[in-house]
Each structure stands twice: as C-alpha cells, then as structure tokens.
Amino acid sequence: MAAKITRSSGNVFEDLGFDQPSIIYDRTGTVELARLGERKRELVTFEQIPPEVLDATTAVEDKDFWRNPGFDLGGFLSASLDTLQGKPRGGSTITQQLVRARLLPDEAFTGSVYERKIREIIQSIRLTQAFPGQAGKEQIITAYLNQNFYGNNSYGVKAAARGYFGKELKDLSLAQFAIIAAIPQSPTKFDLLRNAVEVCLDENLEEGQECEKVQLEVPATSEIVLRRNYVLDLMKTRSSVSGQRHPVAELDAAKREPVIIAPQVSATWRAPQFVWQVREALATIVCPET
C-alpha cells in the first residue's frame, strides 16, 4: 500500500515540482528573450483561475468536487457496472485523477485494476483529509489544473489558453473556457490543432487564385466542439462558483461561437548570440563535466 499522506510529510502541493520552460530575460527583467524547453507550462495560483474555469472543469469532471471526500461512491459503482457490461468509462474524481497522475508511487500500479483503483481511492480520501475544507479543495484543484495535459504540447490551463487562443487565461470567452475543460478526457484526440481545418478569408477569390488569408477553425460538427457544448449545458445547473453570472441564454449562445485557433508561430529568440551564451553557461552549471 502507498504511504499515507499527512501534513507532517510536508506540503504535498509544494513538492509536486511542475516542469516549466526556462525563460531568459534582458537585464531589466521585463523583456523576454527566449524560452528553453519543449513543454509549454506556466503555473497559476488559485486566485488567477477564473470562476468559469472552475465551474466548467468540475461540471464535466467531478460535479460534487467541492463537497465529496475525494471520491464519488455513486460514480464509481456506476462506472464499474458499465465496465462489466462492456461499456468502459471513467468514474474518477478530480482528486483521484491528481493522485493517479502525481501522488502514487510506482508500486501502487501493480495488481489488478480493482486493486489499483482501491489504492487510488484510499489515497484520495487521505489527501482530502490532510488538506480539509475550502482551502484544501482550492489547493487540489489548482494542482490539477496546472498538471493536466491539454494537447498541443501544453500542460496546464494557462499554457492551453496561450497555445490555442493566444490569450491570457482571464481573457477567454465562455465558450473557450468550456472547450479547454472538455479536452482532458482525451487530450490527443481533442487536440484543437489536430481537429482544425484551414478556412479561406479572402472574399471574391477568383478560380485558380491562391488564398492568402486563412485561419484555423475547428468544425462545429467535430467531437470536441460537441463535447464543449455538452460542458456548457452542464454549466447551466452546475456552476457553483460563478453562480448566476451567466444566464442560460448566454450559455446557449456560447454553443454557437466558432472555435478559431490563434496563428501558430515558431518560437524565436531575441539576441540569439546572448541566449546561446546563457544556455552554455546554464549547461555548465546544471550538467558539469565529470
């Protein structure tokens, strides 16, 4: 059995150690010169997470997140029954998903699927007990949203907002909040870039003439857009944080918003010679020759 999670074992969330790209700035500390690393991730605090992100995520992943003890007995039994009937589906809470991704040691994944699930549930309950109340729930969902993979090499909701829409998380539309919450069920299949097609914006284009203005758009009939609309429907009755901020008519209107992807540009370095010198110096410090 995995080790018990307790406060005396240290701050679980501070010890998670999320990988982030190394950012090189100029001497003022304000101008970004380069980012080093393949993964795109920028951490957010709970205060930086819009209420709509919280509601969209809990609506589709764990409707009783703010009240449950780390697992949902009804959801677990229902998912188990469906699995036995040949219709496997997930029944894990947000806490269970976080525990499975980051807080279980390798030996916890041995044995049958039911043994692994029991270990996962036990640790989820222990984590909730070790970090109780509203403050504990805030820590759990913040770690979850920073941990999640959202496709397009983006880890965490902030990187997903930037990578897909070229926006800060707080500036997303209601429809964009919902589609980001929809992706983690299958981040490879629901990767917005994989689902996007090029749409020509040139008007009065003559036959044989090449289109010069195009944008990436995800078709309204694609699975990920349909799942976004499902999330928006769930938010009508499961928005416990944003409350009545968004009436039903606004949620319905969001289902008609086209999913347009921001232009994808390759990363460029400013002052590349200086960046290379910094990179070499970092390599010497981090990986000295033996």
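This report describes the helices, the nonpolar core and a few single residues of one protein chain.

**Overall make-up**

The model is predicted. Its chain holds eleven helices and five strands. Of the chain's 290 residues, 42% count as buried. The accessible surface of the chain comes to about 16400 Å², and carbon and sulfur atoms account for 52% of that surface. Among contacts between residues at least 6 apart in sequence, 64% join residues at least 24 apart.

**Covered helices**

Three helices that are mostly covered are set out in the table.

| Helix | Residues | Buried residues | Covered or packed against |
|---|---|---|---|
| Helix 1 | 51-61 | ten of eleven | helix 3, helix 5, helix 6, helix 7 and helix 9, among the covering elements |
| Helix 3 | 94-103 | seven of ten | helix 1, helix 4 and helix 5 |
| Helix 7 | 174-182 | nine of nine | helix 1, helix 6, helix 8, helix 9, helix 10 and strand 5, among the covering elements |

In helix 1, the buried residues are E52, V53, L54, D55, A56, T57, T58, A59, V60 and E61. This list includes D55 and E61 as well as V53 and L54. In helix 3, the buried residues are I94, T95, Q96, Q97, L98, V99 and L103. The buried residues of helix 7 are L174, A175, Q176, F177, A178, I179, I180, A181 and A182.

The covering elements can be located along the chain. Helix 9, which helps to cover helix 1, spans residues 223-238. Helix 4, against which the buried residues of helix 3 pack, spans 113-130. For helix 7, the cover includes helix 8 at 192-195, helix 10 at 248-254 and strand 5 at 259-261.

**The nonpolar core**

In soluble globular proteins, nonpolar side chains tend to be buried together. The largest nonpolar core of this chain has 57 residues, and the members that touch the most others are L127, L145, I180, L192 and I224. Helix 7 gives the largest share of this core, with eight residues.

What does L192 touch, apart from residues up to four places away in sequence? The list is Y164, F165, I179, I183, V218, I224, V259 and I261. Of these, I179 is one of the buried residues of helix 7.

**Helix 6 against helix 7**

Helix 6 covers residues 157-165, and its axis comes within 11 Å of the axis of helix 7. The two axes cross at roughly 115°, and the crossing is right-handed. Helix 6 contributes V157, A160, A161 and F165 to the contact, while helix 7 contributes Q176, I179 and I180. By class, the contact has six nonpolar residues, one polar residue and no charged residues.

V157, a residue of helix 6, can be followed further. Is V157 buried or exposed? V157 counts as buried because its relative accessibility is 1%, and the cut-off for buried is under 20%. Leaving aside neighbours within four places in sequence, V157 is in contact with V44, V53, L145, Y150, L169 and I180. Two of these partners, L145 and I180, are also among the core residues that touch the most other members. V157 and T142 are 15 residues apart along the chain, and their C-alpha atoms are separated by 9.9 Å.

**Two asparagines with positive phi**

Most residues other than glycine have a negative phi. N152 has a positive phi, near 55°. N153 also has a positive phi, of about 60°. N152 lies in the loop between helix 5, residues 133-147, and helix 6, and N153 is found in the loop between helix 5 and helix 6 as well. Their cover can be compared with the cut-offs: buried is under 20% relative accessible area, and partly exposed runs from there up to 50%. N152 is buried because its relative accessible area is 15%. N153 is partly exposed because its relative accessible area is 34%.

**A loop residue before helix 4**

F109 lies in the loop between helix 3 and helix 4. F109 counts as partly exposed, since its relative accessibility is 38%. Leaving aside neighbours within four places in sequence, F109 is in contact with R100, L104 and R116. F109 and E120 are eleven residues apart in sequence, and the distance between their C-alpha atoms is 9.2 Å.

Terms used. Residues numbered from 1 in each chain as written. Predicted model: local features only at pLDDT ≥ 70, side-chain atom pairs only at ≥ 80, totals over all residues. Heavy atoms only, no water. Core = buried A, V, L, I, M, F, W, Y, C linked by side-chain atoms within 4.5 Å. Buried < 20%, exposed > 50% of the residue type's maximum accessible area, 1.4 Å probe, protein only. Helix = DSSP H or I, 4+ residues; strand = E, 2+ residues; numbered from the N terminus. Contact = heavy atoms within 4.5 Å. Axes fitted to C-alpha atoms, helices over the stretch in contact; angles between N-to-C directions. Left-handed = near helix turned anticlockwise from the far one by under 90°. Nonpolar A, V, L, I, M, F, W, Y, C, P; charged D, E, K, R; others polar. Areas by Shrake-Rupley, 256 points an atom, 1.4 Å probe, with all protein chains shown as cover.
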